[in-house]
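Please look over the sequence and the structure shown below before reading on. The report that follows begins with a single residue and then moves outward to the parts around it.

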Amino acid sequence: MLDIKLIQNDFENVAQSLRKKKVDESLLEELRALSLELKSARLVLEPLQAEQNAKSKLFGVYAKEGKDVAALKAELSLNKEKIAEATEIVRALEEKLESLATIIPNMPSPLVPEGEDENDNVELKRVLEPKTFSFTPKEHWDIDIKQNWIDFERGVKLSKSRFSVLKNEAARLERALINYMLDFNRSRGFEEVAVPYIVNRETLMGTGQLPKFEDDLFKIDGEDLFLIPTAEVPVTNLFRDEILSKEELPLKMTAYSACFRKEAGSAGKDTRGMIRQHQFDKVELVSITTPEQSEAVFEEMLSCASDLLTSLGLPHRHLMLCGGDLGFSAAKTVDLEVWLPGQNRYREISSVSNTFDFQARRAKIRFKDDGKNRLVHTLNGSSLAVGRTLIAIMENYQQEDGSVAIPEVLKKYM
């Protein structure tokens, strides 16, 4: 959540920054009007409080000197009523402003480029050259071995569209990838944690999925509980409403989880294959840092995810997301896109984001620094989306006879 004081004291700069994220002007205007209304209400309340304090002191003086305090007592009583009314107005406006702020996205970092959508993202670099095939490479759903690896029809029978069943070597490969990713991340200093897949409303509020994106979540009927869309949610919220010590930061964690998303806004997109599923596996990186540490840790997380792809022999590129493509909570994001020769294009396989203190303010995650409580910075990143990594291996390691080779680093896990 944005700093309410910052919104009130520097609204124009806040609004200009949010325009980079394509926030609707009507929402900004509502934010401005409410901010000004609250400022005016406080200008009414503060003089009344100052007057009450002054007259209360005077009351003590009069009483000590034996003066008649009846008139002053009446004034204090009347003023107290005015303060109560003004306080209630301020409280209601503060509550309304805070409620509105929960659906306002994070401000982008000044480093984020201008842009409307994914077409304006900026390529930073490429890692590994795509392989040249002696035959025309197929997409993962057309590779000959597919029928023994992925069962799309039975996935639909068991659930609905955008579910699938992995079989035989594909199921083993998925398990191998999860173990390899966790071991790789642990070797880079990320502590492994295992978290619930079902969380409460407060947890999803803390990382910014609620209240704005409830339509994209699977809710448990009859309970105020939801299936997680990513392990970022429970891992970040491990420290919700806690005050950490500066000495224990940064906290760097990695977690495997299944992820569940309705994909509410993706009708017609990636309907074939396993690119966009309602249930998928992911290994996540989450870090909690001081503000001074966060950019260095961001680069660590990005390197970890990129080096993991490199170790698997998968060509990929780094993309800095523009303002129009930046996620709700993110102040800055670099996507990793893996090369899929069957599709002849790069596809997202990881996003590494720094949210600065946006999530920390919502989740009340702080640390003690020289006796003062300060908000931490929270960071998250995929390392990696397991299903998409499996797809990338199928397409990049496919053989002319329809078989699929296994990357060397995974063989001991198979």
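Which residues does N380 touch, not counting residues up to four places away in sequence? In this predicted model, N380 touches E232, E284, L285, V286, M301, S351, V352, S353, T355 and Q359. N380 is found in strand 15, and it counts as buried because its relative accessibility of 8% lies under the 20% limit for that class. One of the residues it touches is V286, which is 94 residues away along the chain, although the C-alpha atoms of the two are separated by 4.4 Å.

**The sheet around strand 15**

Strand 15 belongs to an open sheet of eight strands, whose order is 1-10-11-12-15-9-8-4 and whose pairing is mixed. The edges of this sheet are formed by strand 1 (122-127) and strand 4 (191-192), each of which pairs on one side only. As background, the strands of a sheet pair through backbone hydrogen bonds, and they do so in either a parallel or an antiparallel way. Strand 11 (residues 332-340) and strand 12 (residues 345-354) give an example of the antiparallel sense, with nine bridges between them, and in this pair L336 of strand 11 stands opposite S350 in strand 12.

Two helices pack on the sheet. Helix 6 (residues 168-187) touches strand 4, strand 8 (251-260), strand 9 (279-289) and strand 15 (377-385), and its direction makes about 5° with that of strand 9. Helix 11 (residues 386-396) touches strand 9, strand 11, strand 12 and strand 15, and its direction makes about 40° with that of strand 15.

**Two pairs of helices**

Two packed helices are described by the angle between their axes and by the distance between those axes. The table gives these values for two pairs.

| Helix pair | Angle | Distance between axes | Citation |
|---|---|---|---|
| Helix 3 and helix 4 | about 155° | 8 Å | |
| Helix 6 and helix 11 | about 115° | 10 Å | |

Helix 3 (residues 25-65) and helix 4 (residues 70-101) pack at about 155°, and they are therefore roughly antiparallel to each other, since angles over 145 degrees are placed in that class. The crossing of helix 3 and helix 4 is left-handed, and the residues of their contact divide into 20 nonpolar, five polar and eleven charged.

Helix 6, by contrast, passes helix 11 in a right-handed crossing. In this contact A170, L173, E174, L177, I178 and M181 of helix 6 meet V386, T389, L390 and I393 of helix 11, and these residues divide into eight nonpolar, one polar and one charged.

**A second buried residue**

Is S17 buried or exposed? S17, whose place is in helix 2 (residues 11-19), is buried because its relative accessible area is 16%, again under the limit of 20%. Leaving aside residues up to four places away in sequence, S17 touches M107 and P108. S17 and P108 are 91 residues apart in sequence, and their C-alpha atoms are 6.6 Å apart in space.

**The protein as a whole**

The protein has eleven helices and 15 strands, and its C-alpha atoms fill a box of roughly 105 × 45 × 45 Å, taken along the principal axes. Buried residues make up 50% of its 414 residues. Among the contacts with a separation of 6 or more, 74% are accounted for by residues 24 or more positions apart.

Definitions and conventions. Residues are numbered from 1 along each chain as its sequence is written. This is a predicted model: local features need pLDDT of at least 70, side-chain atom pairs count only at pLDDT 80 or more; totals for chains, interfaces and linings use all residues. Side-chain values use heavy atoms; hydrogens and water are left out. Two strands pair if DSSP finds at least two bridges between them. Helices (H or I, at least four residues) and strands (E, at least two) are DSSP runs, numbered from the N terminus. Contact means heavy atoms within 4.5 Å. Axes are lines fitted to C-alpha atoms, for helices over the stretch in contact, and angles run from 0 to 180 degrees between N-to-C directions. Angles under 35 degrees count as roughly parallel, over 145 as roughly antiparallel, 65 to 115 as roughly perpendicular and the rest as oblique. A crossing is left-handed if the near helix is turned anticlockwise from the far one by less than a right angle, and right-handed if clockwise. Ala, Val, Leu, Ile, Met, Phe, Trp, Tyr, Cys and Pro count as nonpolar, Asp, Glu, Lys and Arg as charged, and the others, Gly among them, as polar. Buried means under 20% relative accessible area, exposed over 50%, partly exposed in between (1.4 Å probe, protein chains only).
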